[in-house]
Amino acid sequence: MAPSLDFSEWWSKDTRKGTPVVVTMENPNYSVVEINGPDAAFRPVEKSRGKNAKQVTWVLLLKAHRAVGCVASLATFLWALLGAIKKRLIFRQGVSMDNEKMGKGKALFTVIKMFLVTALAILAFELVAYFKGWHYFRNPHLHMPRTSDIQSLFHMVYVAWLTFRADYVAPTIQALSTFCVVLFLIQSVDRLVLCFGCFWIKYKKIKPRIEGNQFESDDVEGSSFEYPMVLVQIPMCNEKEVYEQSISAVCQLDWPKDRFLIQVLDDSDDESIQYLIKAEVSEWRQKGINIVYRHRLVRTGYKAGNLKSAMGCDYVKDYEFVAIFDADFQPNPDFLKTTVPHFKDNPNLGLVQARWAFVNKNENLLTRLQNINLSFHFEVEQQVNGVFLSFFGFNGTAGVWRIKALEESGGWLERTTVEDMDIAVRAHLNGWKFIFLNDVKVLCEVPESYEAYRKQQHRWHSGPMQLFRLCLPAIIKSKIPTWKKGNLILLFFLLRKLILPFYSFTLFCIILPLTMFIPEAELPVWVICYVPVFMSFLNILPAPKSFPFIVPYLLFENTMSVTKFNAMVSGLFQLGSSYEWVVTKKAGRSSESDLLAAVERESKTMNQPQILRGASESELSELTQLKEQKESAPAAKKKVNKIYRKELTLAFLLLTASVRSLLAAQGVHFYFLLFQGVTFLLVGLDLIGEQMS
């Protein structure tokens, strides 16, 4: 075999023959190069060696500036938070206590206080044991000391607590946590299946379509005979901020004027607001719009009673469909032309539901987090159930009903606070099908304050439990297929309305803090971190611009579980608070198109004299009285922040548990409990709805 002539290995050896030579250039602008051998001068010089002292100094200064900036931002946030706590808890400035009217929430508040007191007592034991050197809680396999090891009464009490904890408390907490984790995984699988269904719809481009022009008439003269008769209803109650833009948007619907009627169903108990709405209706009536104003003398049944009273009018029998819009909704002019055609040649179709879009979704942190939830609800839940099951819960507004479907299903009932879900379930049991239009959007508002959002969520989560108690016998006795009954009972009601708030509150707000003091029942990291973050990631997919808010969203959802759990229990057991209906406060936000239209209307009225033709003397006197009331209107009251006791108590419970996790060197648990506790503190002090965009 021929010898190898490869000299690369030999050449690369460090022979180090001779003495090292140091060459120094006289010009100080050049670097110093040290030559250790014949090839050292040709080797690449390291980048770091090319930097002079001035460059290194600038890099260090920049890094120090960034670090100081981060520390300063954190200190500013903590200082502002401490200032808010001092202002609202100590000096009582701008604070209104949430007094839990009619005993609402007192039982839950008492339970949470008991857990807090227990946690504080255990933490005191743990701190003393930690500083004494009794690190028994670090090891789940506890070694009990002998009697001779007992040095004090406190030590004996601590050992007795360890024995009682290991024998009685830990098995109970472990069993409950296992049960909640199983429910959590089941609900996560349900969410995952819904997301896969949404991806399939997007991939296959499945959506309801209208074939051709459904209203094209064979008449050469272009008669509007083909357009069905549509009744449009706007129920409202003391909606001073939004009534004008809602009535204006509905009156501009692109539909033959002789083929639709607008009913403004005003349940306001404030006479000044009644005059305002009457004047607005009178103005549109003078422009040729077929619109009527209705006010009930006996205001019973809330929104359901209002709609039921309006459907009892004699002229309703002349109409085939009814569209419903809440007072803050602003439909586009083509709304009826994109929804009503789906009913043609589809006699089993009872409801066409449009999607909501929000004009104030970027107003503050609270509205951004609501946008994430509602985007997932419409994009995933409503769309998937509409495509694959032809059934979903009616959203109460921005939908068109076939009047025949309402009548055959029993009409509007006043037995719950979720009349929209009630009529949808009864229509589904009667065989009617639903369609959801994800590409038809109606502008509306989301609550901008935590108080309004909290009351809205209480109604949305207590009503379904009321309805479940009332509808369960009807579902079992109905003639629909068994799998539809199972979907209604197991998925629609139990899993998504009962189990979700139960495990969310119990697992993350009660069990997790307690496990910090009971290491035998410690929750795994994937339950606390990985799975919730993954599910939050799926929830944010329909609103991709909200990805920077994934951590606040996860923490805020756990915080809202207190309100949702309380509402679920009150609805399930028919407590007094489950029948409360509080109108969600609106801010009166308008879209850009609305503002441009308002400017155009004002310019027209300024350029030409205002002529009120066809107005009676009573209407003119009402308009005069309205102007006088506007001039003498009192100044708006300053916002008063509230203190929410349950949220504050849970904040202290979680922060106490975070101290315990810090002693046990549990990093993930510590950060989760700390951030969750701070979130509860912000919500309890009513800071989450401030301008935190």
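**Exercise 1. Which residue with a positive phi follows α15?**

Solution. In this predicted model, the residue to look for is Gln 574, which comes after α15 and has a phi near 55°.

**Exercise 2. Describe helix α15 by its span, its bend and its burial.**

Solution. Begin with the span: α15 covers residues 550-572, a run of 23 residues, and the distance from its first C-alpha to its last is 31 Å, which is close to the 33 Å expected at 1.5 Å a residue. Next, follow the axis of the helix, where a bend of about 30° is found at Ser 561. Finally, turn to the surroundings: with buried taken as under 20% relative accessible area, 19 of the 23 residues of α15 are buried, and the helix is therefore mostly covered.

**Exercise 3. Find the largest cavity and work out what lines it.**

Solution. Begin with the search, which over the whole structure finds one cavity of 30 Å³ or more; the largest cavity holds about 30 Å³ of space. Then list the lining, which consists of Leu 265, Arg 294, His 295, Arg 296, Asn 306, Ser 309 and Ala 310. Next, assign the residues to elements: β6 (291-295) and α7 (302-311) each supply at least two residues of this lining, and α7, with three residues, gives the most. As a last step, sort the lining by character, which yields two nonpolar, three polar and two charged residues; the nonpolar residues are Leu 265 and Ala 310, while the charged ones are Arg 294 and Arg 296.

Terms used:
Residues are numbered from 1 along each chain as its sequence is written. This is a predicted model: local features need pLDDT of at least 70, side-chain atom pairs count only at pLDDT 80 or more; totals for chains, interfaces and linings use all residues. Side-chain values use heavy atoms; hydrogens and water are left out. Helices (H or I, at least four residues) and strands (E, at least two) are DSSP runs, numbered from the N terminus. The expected span of a helix is 1.5 Å times one less than its number of residues. The bend at a residue is the angle between axes fitted to the seven residues ending there and the seven starting there. Buried means under 20% relative accessible area, exposed over 50%, partly exposed in between (1.4 Å probe, protein chains only). On a 1 Å grid over the protein atoms alone, a cavity is a set of points where a 1.4 Å probe fits but cannot get out, and a pocket is an open set with protein on both sides within 12 Å along at least five of seven lines; lining residues have an atom within 4 Å of a point. Grid points are joined across faces, edges and corners, and a volume is the space filled by probe spheres set on the points.
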